[in-house]
Amino acid sequence: MENLIPIPELCILYTVELSFFTNLSEMGLLEIKTIESKEYIDSDAIYEIEKIIRIHKELDVNIAGIDVVLNLLQKIDGLHNELNTLRNRLRLYES
């Protein structure tokens, strides 16, 4: 349990409602672990949670919109990796 963070602590830290995390979990964007009727999030998910909260608060995007934004960011990252791979291949033929 050392790498688990209680959700109520995250609610206080990020000033969001408990329902925010519940909704993220229902959309499949976040995995909530329940131990002895208390809900936790793995500490490895903090980076993703902070990204989601920034999208939600700074851009005023709802949960469904966050799902779309995260999917688009994932696709952009994949395309960026593919572009780098193709550039590296091209360099081999140019040499």
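Modeller: Contact here means heavy atoms within 4.5 Å. This is a predicted model, in which local features need pLDDT of at least 70, side-chain atom pairs count only at pLDDT 80 or more, and totals for chains, interfaces and linings use all residues. Residues are numbered from 1 along each chain as its sequence is written, and side-chain values use heavy atoms, with hydrogens and water left out.

Biologist: Which residues in H3 do Phe20, Phe21 and Leu24 in H2 meet?

Modeller: Helices (H or I, at least four residues) and strands (E, at least two) are DSSP runs, numbered from the N terminus. The residues of the contact of H2 with H3 divide into 6 nonpolar, 1 polar and no charged; Ala, Val, Leu, Ile, Met, Phe, Trp, Tyr, Cys and Pro count as nonpolar, Asp, Glu, Lys and Arg as charged, and the others, Gly among them, as polar. On the H3 side, the residues met are Ile49, Ile52, Ile53 and His56.

Biologist: At what angle do helix H2 and helix H3 pack?

Modeller: Axes are lines fitted to C-alpha atoms, for helices over the stretch in contact, and angles run from 0 to 180 degrees between N-to-C directions. Angles under 35 degrees count as roughly parallel, over 145 as roughly antiparallel, 65 to 115 as roughly perpendicular and the rest as oblique. H2 and H3 are therefore roughly perpendicular. The axes of H2 (residues 18-26) and H3 (residues 46-58) are 13 Å apart, and the angle is about 110°.

Biologist: Which kind of aromatic pair do phenylalanine 20 and phenylalanine 21 form?

Modeller: Rings of Phe, Tyr and Trp (its six-membered ring) pair if their centres lie within 6.5 Å; planes under 30 degrees apart count as stacked, over 60 as edge-to-face and the rest as tilted. For phenylalanine 20 and phenylalanine 21, the distance is 5.8 Å centre to centre, with 80° between the planes, so the pair is edge-to-face.

Biologist: Is phenylalanine 21 buried or exposed?

Modeller: Buried means under 20% relative accessible area, exposed over 50%, partly exposed in between (1.4 Å probe, protein chains only). The relative accessible area of phenylalanine 21 is 0%, so this residue is buried.

Biologist: Which strands stand at the edges of the sheet?

Modeller: Two strands pair if DSSP finds at least two bridges between them. The open sheet of 3 strands has the order E1-E3-E2, with antiparallel pairing. Each edge strand has a single partner strand, so one side of each is left without a neighbour in the sheet; these are E1 (4-6) and E2 (33-35).
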